[in-house]
Amino acid sequence: MKLIAFLTFVVIFQLRAEVHSQSFNFNETNTTVKQMFKQIEKNSKYSIFYRLDQVNLDQKVSVLAKQGTIENVMSQVLRNQPLTFEVVDEVVVVKLAAAPDASVKDIVRGQVIDGTGQGLPGVSIKVKGSNIGTSTDASGNYSFNFPANSILVFSYIGFVTQEMPINGRSTINVTMADDAQALSEVVVTALGISRDKKALSYALTEVKGDSFTQARENNLGNALSGKVAGVNASSTATGPGGSSRVVIRGNGSFSSDNQPLYVVNGVPINNSNNGTPGTFGGRDAGDGLISINPDDIETLSVLKGGQAAALYGSRAAAGVILITTKSGRGSQGLGVDYNTTFTTDNVITIPEWQYEYGQGSLGLKPTDAAQAMSQGRLSWGPKLDGSDVIQFDGQSRPYVAQKDNNKNFYNTGTTFSNNLALTGGNQNANFRFSVSDMKNNGIVPNSSLKRNTFSLAANANISNKITFEGNAQYNIEVNKNRTNIGDFTRNPNASVGVMATSLDVRTLAPGYNPTTLREVQWADDPFVANPFFAVNKHQNEDQRRRIIGSFRTRWNITDFLYARGGAGIDYFTRENWIIGATGALTNLAGTFEKGRTTGFETNVEGLLGFDKSFGKFSVNAFVGGNMMYTQNASNGLNSGDLNVPYNYFISNGKSQSFTESFGESAINSLFGSADIGFNSYLYLSLTARQDWFSTLSPTSNSVLYPSAGLSFVASEVWKSKPGWLDYAKIRGSWAQVGGGTPGPYGLDLTYSAGAITHLGQALMTISGSTIPNPLRPFTSTTSEAGLETRMIGGRLGLDLTVYQKITTDDIVSATIPNTSGFTSVRLNVGEMRNRGIEMLLTGTPVKPGNGLNWDVSLNVAYNENEVVSIAPGLNTLAGGQPRTQNAFVNHYVGKPFGMVSGYTFRKDASGNIVYNSGSGLPMQSTSIADLGRGVPPLTMGLNNSFRYKNFSLGFLIDGKFGGVLYTSTNAYGTS
């Protein structure tokens, strides 16, 4: 279980060049008041607040304004109604025209706040039974001469109206409670379409951007841990630029990475790993999420179910995560926001070694340097007694416990982030430009990550009917000295972890002989790196430059018909180099390699939408199409052993080699969606998407992905519902989505030029050992049902979901006889099932009375996964294994995905452990056995947030239960 605690103090400097008016140009005839309010808000910085029971929104008006002020425009809009208005900073408050009353005589002042303790601007405050009143200013404060002993009525759209008697008081502070029935929450759904949340027939969780900047993570995926029910986020101990793994509602495929599609401002982005370590080591070279700057995030929406993500078709089997970044807004002058964050990292998990016995074997200390070296990883000596003992370098040192090796090797990691954002604009155009600088120094010496992000968002009203929005992000990421993991080679962590308990890690520094510059050996195997040589001499660096950009244009053809078109691109270039240091025990000559990878994905999209009400019915529908094209190319150079030591460049190599790869693919799609509502409580949602794939056989290269859902807001029609129940909704959905699309040239034989020639030409030979097969994407059929409630004035909420996800036609590699000329064949035969339940419980135990607010949320999810079938005659599929090669991750029919299995103690018929008669050590079993689930089925997150005035304190506890963890470190330490 991991505990994250954060205390946030944010200082925002607002620098504004004041402008006292904003001009409007309107020439509207026969336009409703509602439409005019929308036009004013869209074309300016102003927000308009009003009560539905006071304003006739359907009244037709005509407005003519040329360089007019807000006062001039609002006067024309309201001239035929008994209303007045007040402009408070950037808020226009519409209220009933007040008649003068001679009885007013007492001054009453105070502040009106919401449930979070924030002041509410524009709250209407009237004397009950009259039109005497006022409204709150931008900070929620008010002051007015009210009649003595009268009753004040506080009203605000979206909140419960409250009545407060004056009773001789001069100060009355009020906390407004959410009105669950009046609130209409709008969320961003697939393809960037905004929808009323009560109309959704599936589970959708929206996370606000500020939650990612309070307890900051370098990788956005890691920050999701514990925040969303059904989302299992995990990270690996691979350094500041390491990748994250996010799985939604369980693993569903053998052949894919089971990670969701990430979409930023409508642009699907590349989140593939740039390098993954295996059994014999390697480096985690990071993923695509490391490019996302948390300071730029406005909202993050998790589309967990099939129907939620169905409009993304063949890319939606593992769910979709939508990221919407901050945009510009109209303002008086230039807005400047600056924030800075500093965090520290330390080693949190240290093996619990025994410190009673020290270096040695069979109860004996080493007697010479050679023996000490051979026993560098063994702590089977006698009891520690403080006497001098010979060590690997021939020096004698006290035979005492060294409990601080981790402290003496690792650093305190630091991350310093600075973000500057500029906002501005007017009624026709606005922008936001931000610059971010993040510097991380890792806990492993000499490892670091530096990321600079430049972001620009712009919106413009080209005309009364045409709008434009564009986003662009440019990243420069430099990661130095990613550490090797998995094996001992070049891996400082493994060496520090298994060092004998009486050996001080500092005696290995600086890792090399000052005279010969060769690596100093300290353990039995030369492949066990000297940790200081690994961090001081072996070096690597990679640099990625990335552009993520998009634009959308919308044409409102009529008030119910619109067209939208746009395009987006995710383009990156990554360059890297790796130095295998001269003098290393595993290669004295040294090596040098470098590489370059470029990749991009473009999406061009267009749709035609319809949004109109017909009496009690409403229809929100659209049809459209998308063209996706992606391309990746890479090349690599390797020097082989160096001719001249310490000169790290390719042409200095004895056996230089060159590699190159290229791939491209495309998907063309047509899609449609229809949401039909009845009387604001019953909603039917239907979608369909047809994908055509360039990598499939032309005779069968398309797949249809349909979905259907129903939402019923019971609280809207339940007239006799209990008083404590504010809102209740029942929902259900069914969908089919896809994944695991075969890659470029995956269905064809590939060839390479061999060494044998004929008539002077090289003969081509078949590359690879897998028979090509006409594969297709696997299908994920999902169904879910849910219940949403809000109770006790919005202070308690419950969101409950049950779901099932069945994957069929999964791509599995099956072994075939070598006599075929191949070793395997890939088939669409796998099947896997996920069933689960998710719960989100929210509450506000403490409401602001004295300024303190306490919000709490608990999310719990349980996922039951089962491998239904793998392939005919195949009941086990191998996954991976660690360097010890005595434990495995396997998939078994009838059991969950990713079972940890391995050897256990050998036992006799009576169940007793069998020992080796010669060594006295327990013997290993002859066959492997299941040791437990590799993926925890139960996850939870408990989030608490406290606010008092301008201070906030929060903490998140997240946990995963029911899984097992195999550690090679412990395996070496007990062998």
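**Strand pairing, buried polar residues and cavities**

The side chains of K95 and E86 are joined by a polar contact of 3.0 Å (a pair of N or O atoms within 3.5 Å, of which, within protein, one must be able to donate a hydrogen and the other to accept it, residues adjacent in sequence counting only if both atoms are side-chain atoms). The model is predicted, so local features need pLDDT of at least 70 and side-chain atom pairs count only at pLDDT 80 or more, whereas totals for chains, interfaces and linings use all residues. Residues are numbered from 1 along each chain as its sequence is written, and side-chain values use heavy atoms, with hydrogens and water left out.

K95 belongs to strand 6, which covers residues 91-96; strands are DSSP runs of E with at least two residues, numbered from the N terminus. With a relative accessible area of 16%, K95 is buried, the term for values under 20% with a 1.4 Å probe and protein chains only. Beyond its neighbours within four places in sequence, K95 has contacts (heavy atoms within 4.5 Å) with Q54, L83, T84, E86, T134 and S135. E86 is thus both in contact with K95 and its partner in the polar contact between side chains.

Two of the residues in contact with K95, T134 and S135, fall within strand 9 (133-135), an edge strand that pairs on one side only. Strand 9 is part of an open sheet of four strands in the order 9-8-11-12, with antiparallel pairing. The other edge strand of this sheet is strand 12 (162-165). Strand 8 (residues 124-127) runs antiparallel to strand 9 and is joined to it by three bridges; two strands pair if DSSP finds at least two bridges between them. In this pairing, I125 stands opposite T134 of strand 9.

Strand 22, made up of residues 320-325, is mostly covered, with five of its six residues buried. It has pairings of both senses. With strand 19 (residues 261-264), strand 22 pairs in the parallel sense over four bridges, and V264 has I323 as its bridge partner there. With strand 21 (residues 297-303), the pairing of strand 22 is antiparallel and extends over six bridges; here the bridge partner of I297 is T325.

N452 is a second buried polar residue, at 18% relative accessibility. It lies in strand 28, which spans residues 448-461. The side chain of N452 makes a polar contact of 2.7 Å with the side chain of D437. D437 is also among the residues in contact with N452 outside its neighbours within four places in sequence, together with S436, Y474, N475 and I476. The C-alpha atom of N452 is separated by 42 Å from that of S783, which is 331 residues away along the chain.

S783 falls within strand 41 (residues 778-791), which pairs with strand 42 (residues 796-815) in the antiparallel sense over 13 bridges. In strand 42, V802 stands opposite A785. The two strands form a hairpin with four residues between them, and I792 in the turn has a positive phi of about 50 degrees. Strand 42 also pairs with strand 43 (residues 824-846), again antiparallel, over 18 bridges. Within strand 43, R835 is the bridge partner of Q804.

An open sheet of four strands is also found in the order 45-46-47-48, with antiparallel pairing. Its edge strands, each pairing on one side only, are strand 45 (876-880) and strand 48 (929-933). Strand 46 (residues 887-892) and strand 47 (residues 899-902) pair over four bridges in the antiparallel sense, and F888 has S901 in strand 47 as its bridge partner.

A search of the whole structure finds 13 cavities of 30 Å³ or more. A cavity is a set of points on a 1 Å grid over the protein atoms alone where a 1.4 Å probe fits but cannot get out, and lining residues have an atom within 4 Å of a point. The largest cavity holds about 280 Å³ of space. It is lined by 25 residues, of which G266, P268, N603, E605 and N626 are the closest to its centre. Strands that each supply at least two residues of this lining include strand 20 (267-268), strand 30 (539-556), strand 32 (591-614) and strand 33 (617-638). Strand 31 gives the most to the lining, with five residues.

Terms used:
Buried < 20%, exposed > 50% of the residue type's maximum accessible area, 1.4 Å probe, protein only. 1 Å grid on protein atoms, 1.4 Å probe; cavity = no way out; pocket = protein on both sides within 12 Å on 5 of 7 lines; lining within 4 Å. Points joined across faces, edges and corners; volume = space filled by probe spheres on them.
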